[in-house]
Protein chains: 2
Amino acid sequence: MGDKNRIFVTYQITSKKNIREIANDICLEQTVEVIEKLAQDKWLRENIIGQVEEITQNIVVISYNAEITGYQLPQLINILYGNISLKKGIKVIDIKFSKNFISHFSGPRFGIESIRKIIGVEYRPLLSTALKPMGKSPKELAGFCYKLALGGIDIIKDDHGLVDHSFCPFKERVELCQQAVKKAELETGKRVLYFPNITNSMEKMLKNLEWIKGIGVGGILISPMIVGWDFMRYLSDNIALPIMAHPALIGVLFSANNGISHEIILGDIMRLAGADLVIYPNYGGRFPWTEDICRKIDYALKKDLFHFKKAFPVPAGGIGVENIAQLKEFYLNDAVFLIGSSLYAYSDDITSNVRYFLGILGTNRMTPT
Amino acid sequence: MGDKNRIFVTYQITSKKNIREIANDICLEQTVEVIEKLAQDKWLRENIIGQVEEITQNIVVISYNAEITGYQLPQLINILYGNISLKKGIKVIDIKFSKNFISHFSGPRFGIESIRKIIGVEYRPLLSTALKPMGKSPKELAGFCYKLALGGIDIIKDDHGLVDHSFCPFKERVELCQQAVKKAELETGKRVLYFPNITNSMEKMLKNLEWIKGIGVGGILISPMIVGWDFMRYLSDNIALPIMAHPALIGVLFSANNGISHEIILGDIMRLAGADLVIYPNYGGRFPWTEDICRKIDYALKKDLFHFKKAFPVPAGGIGVENIAQLKEFYLNDAVFLIGSSLYAYSDDITSNVRYFLGILGTNRMTPT
């Protein structure tokens with residue numbers, strides 16, 4: 001199956017037990033799921049069972065033959081952390097894919113560069129907001145869309161809680177909001193991407209996909225931890241629209257001694273699953289995230305990863321007048337700032353609020369035209 | 001929208017901050033996601049925003065209008081723990097659904113009673129094993145199937161790591177294994193259910209569904225936390241086959257101060273998502289689960305929950321000769337014991353190993369025929 005076609009996973013172990021024993025357990029648990037006695041076969045050991053590559057104090061590197069993933073995302077996640085999620089004190093802190101494994105995936109279909117081209121903003125960070133609050137009618141939300149787009153905002157996304165509600169039906173919302181954005185675009189000449197949240201029952205999501213493409217929306221918002229990581233990848237591969245990923249429920253993966261590191265999930269796995277833009281809580285906001293975490297996610301979304309395009313970091317949650325200039329220095333230009341309440345509340349005129357924040361983000365082009 | 005149509009969620013808070021403030025934050029964060037200032041509207045407060053019902057020390061009960069779930073599983077999960085998963089010190093420890101909410105879901109399509117009827121075992125606990133290890137060919141696995149079925153085992157499931165591999169293609173495995181089970185059934189007259197693991201890319205899973213029904217398998221194995229909770233519900237509603245749920249990756253939801261209680265996920269949510277049989281690590285095995293956790297899951301799978309059928313608890317992971325008799329006393333009869341390595345390793349003759357374990361589980365019928 002090719003010796004070099006292996007995936008290297010680094011685990012941090014928090015336990016008083018013997019580290020080598022734990023490492024051997026992981027090799028079996030994540031692959032053949034049998035006791036040592038039943039795992040003596042030479043071919044199994046060489047081709048199927050995980051192999052301990054290195055142990056340094058409490059850090060263990062295990063390699064897996066990429067072939068056992070079946071080159072599909074669900075099984076990769078299963079190999080990475082399926083059964084051992086049910087144990088304690090094992091955390092995935094690094095992952096290195098083989099070129100062969102990655103060659104089975106497309107990664108972000110658009111990525112930073114294509115999205116910049118579509119929007120026509122080549123230089124500055126992008127500005128985004130969420131349509132909210134849940135409870136507003138499609139007409140009211142479309143009213144926000146028009147005003148936001150008139151101000152020249154780059155991306156408008158549905159709040160991820162906007163689904164298909166009796167008080168705000170999905171199709172009506174998407175149609176009216178996209179029409180409102182279009183109307184403003186025609187007036188200003190500035191392209192604005194509207195990302196509706198498509199979360200729904202599986203039947204309805206599958207049914208709505210073709211419909212939504214016909215509406216001409218700018219992209220799709222989806223919460224992969226809730227509807228399935230491979231469903232997002234499916235969208236990316238089958239619907240030619242930019243994908244924005246929301247981190248709802250993803251927090252359960254993050255803990256000091258268990259789970260998977262922030263940057264692996266919000267960086268590597270997000271790109272593997274086809275996200276073009278990745279929302280995550282910014283440091284210093286209402287979520288307890290640190291600068292260090294945000295730096296690592298930002299890096300993982302843009303680092304070289306075989307043929308994968310770079311994805312946009314979309315920091316969110318507590319970005320406002322007080323910190324946006326500083327955040328621009330932190331993230332530099334390749335970021336989308338998702339500003340919710342602060343943008344709505346800055347003044348009663350949300351169109352001029354958009355212009356105000358855009359002013360802080362600076363010029364559109366590298367060189368004056 | 002009906003005052004009584006509310007879902008009550010109990011949160012355990014671990015924090016030094018003011019509990020009422022945290023409770024109010026949850027009410028906003030899980031619904032409208034705006035700051036208090038933007039959430040003053042009376043209609044919003046009455047119909048959309050969560051309401052604090054009770055605070056007792058660090059335990060908070062919040063109710064949500066069921067209407068905001070859109071009566072779909074992904075949005076329920078989002079309301080329950082979406083954004084607050086990204087915070088710390090908030091754990092969901094109880095949930096009470098409204099009758100109206102539950103009326104939108106079918107629950108387990110078969111449940112304990114129908115599965116017993118299909119298999120023809122009305123009284124004793126059921127015996128199950130997993131086809132393993134990954135790495136065996138379809139022919140070898142089918143060989144195990146035949147021997148296991150000849151012994152009269154009730155359920156054979158794929159190991160959840162068996163996907164669609166170059167060394168063990170999905171369709172070949174499922175066909176050969178089902179044929180082997182059928183052959184043994186014809187010889188013994190005893191019905192045996194084979195549950196293939198259908199985990200694959202979304203495209204292939206959707207494509208394989210009709211095919212798999214045609215093969216005549218006994219059910220389907222799926223890992224909802226990996227492929228999506230609502231995808232499992234979709235299978236249950238659209239494919240008339242019993243659904244067995246595997247807990248891969250589910251462990252990330254369980255922690256002392258964060259996440260969601262074991263019995264809510266492995267009990268209530270599993271039934272809501274249509275699982276007929278729910279695998280989870282048994283206490284005392286290689287996973288650090290307690291008797292108390294197992295007792296609560298067992299209860300949640302069988303408790304009255306409006307029109308939902310009861311689902312089978314399927315304790316697994318370290319069940320063998322040494323504890324099976326004791327486990328029968330613990331779970332009584334309505335359980336499926338999933339025995340992996342111990343069943344394969346008890347002697348070289350797995351047919352007689354099955355008979356040996358069945359002997360411990362006792363008689364098939366309540367009264368001798």
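**Entry 1. Salt bridges**

I count as a salt bridge a side-chain nitrogen of Lys or Arg within 4 Å of a carboxyl oxygen of Asp or Glu. The model I examined is a predicted one. With this rule I looked up A:Arg116 and A:Asp334, and I found their side chains joined in a salt bridge at 2.9 Å, N to O. I then placed the two partners: A:Arg116 belongs to helix H5 (residues 111-119) of chain A, while A:Asp334 sits in the loop between helix H13 (324-331) and strand S13 (336-338) of chain A. The pair is 218 residues apart and links distant parts of the chain. Over all chains I recorded 41 salt bridges.

**Entry 2. Relation of the two copies**

I next asked which rotation superposes chain B on chain A. I obtained 180°, with 0.0 Å of shift along the axis and an RMSD of 0.0 Å. The two copies are therefore related as by a two-fold rotation axis. I also looked up which residue of chain B comes closest to this axis. I noted B:Gly228, whose C-alpha lies at 2.1 Å.

**Entry 3. Extent of the interface**

I recorded 76 residues from chain B and 76 residues from chain A in the contact. Of the interface residues of chain B, 100% are also interface residues in chain A, so the copies meet through the same surface.

I turned to the area. The size of an interface is often given as the accessible area lost when the parts come together. For chain B and chain A I noted about 6,300 Å² buried between them, with 61% of it on carbon and sulfur atoms. In chain B, the residues that lose the most area to chain A are B:Glu33, B:Leu86 and B:Met134, which together account for 11% of what that side buries.

**Entry 4. Polar links across the interface**

How many salt bridges did I find between chain B and chain A? The count is six. I looked up the link between B:Arg286 and A:Glu33, whose side chains form a salt bridge at 4.0 Å, N to O. For polar contacts across the interface of chain B and chain A, I recorded 38 residue pairs.

I then listed the helices of chain B that each supply at least two residues of the side touching chain A: helix H2 (42-47), helix H3 (73-81), helix H8 (202-215), helix H9 (224-227), helix H10 (229-238) and helix H14 (341-345). H10(B) gives the largest share of that side, seven residues. By class, I noted 39 nonpolar, 23 polar and 14 charged residues on the side of chain B that touches chain A.

**Entry 5. B:Glu33**

I returned to B:Glu33, one of the residues of chain B that lose the most area to chain A. B:Glu33 lies in the loop between helix H1 (19-29) and H2 of chain B. I noted its phi near 50°, a positive value in a residue other than glycine.

**Entry 6. The five-stranded sheet**

In chain A I traced an open sheet of five strands in the order S2-S3-S1-S4-S10, with mixed pairing. Strand S2 (51-56) and strand S10 (259-260) of chain A stand at the edges with a single partner strand each, so one side of each has no neighbour in the sheet. I followed the pairing of strand S4 (residues 90-96) of chain A with S10(A), which is parallel and runs over two bridges. In this region A:Val92 stands opposite A:Ile260 in S10(A).

For chain B I read an open sheet of five strands in the order S2-S3-S1-S4-S10, again with mixed pairing. Its edge strands are strand S2 (51-56) and strand S10 (259-260) of chain B, each pairing on one side only. Strand S4 (residues 90-96) of chain B pairs with S10(B) in the parallel sense over two bridges. There I noted B:Lys91 opposite B:Gly259 in S10(B).

**Entry 7. Cis peptide bonds**

I looked up the peptide bond from A:Lys132 to A:Pro133 and found it cis, with omega near -5°. A:Pro133 lies in the loop between strand S5 (126-131) and helix H6 (138-150) of chain A. In chain B, a cis peptide bond joins B:Lys132 and B:Pro133, with omega about -5°. I placed B:Pro133 in the loop between strand S5 (126-131) and helix H6 (138-150) of chain B.

Definitions and conventions
Residues are numbered from 1 along each chain as its sequence is written. Chains are lettered from A and ligands numbered from 1 in the order in which they are written. This is a predicted model: local features need pLDDT of at least 70, side-chain atom pairs count only at pLDDT 80 or more; totals for chains, interfaces and linings use all residues. Side-chain values use heavy atoms; hydrogens and water are left out. Copies are superposed by least squares on the C-alpha atoms of residues with pLDDT of at least 70 in both. Contact means heavy atoms within 4.5 Å. Buried area is the accessible area (1.4 Å probe) that two parts lose on being put together, summed over both. A polar contact is a pair of N or O atoms within 3.5 Å; within protein, one must be able to donate a hydrogen and the other to accept it, and residues adjacent in sequence count only if both atoms are side-chain atoms. Helices (H or I, at least four residues) and strands (E, at least two) are DSSP runs, numbered from the N terminus. Ala, Val, Leu, Ile, Met, Phe, Trp, Tyr, Cys and Pro count as nonpolar, Asp, Glu, Lys and Arg as charged, and the others, Gly among them, as polar. Two strands pair if DSSP finds at least two bridges between them.
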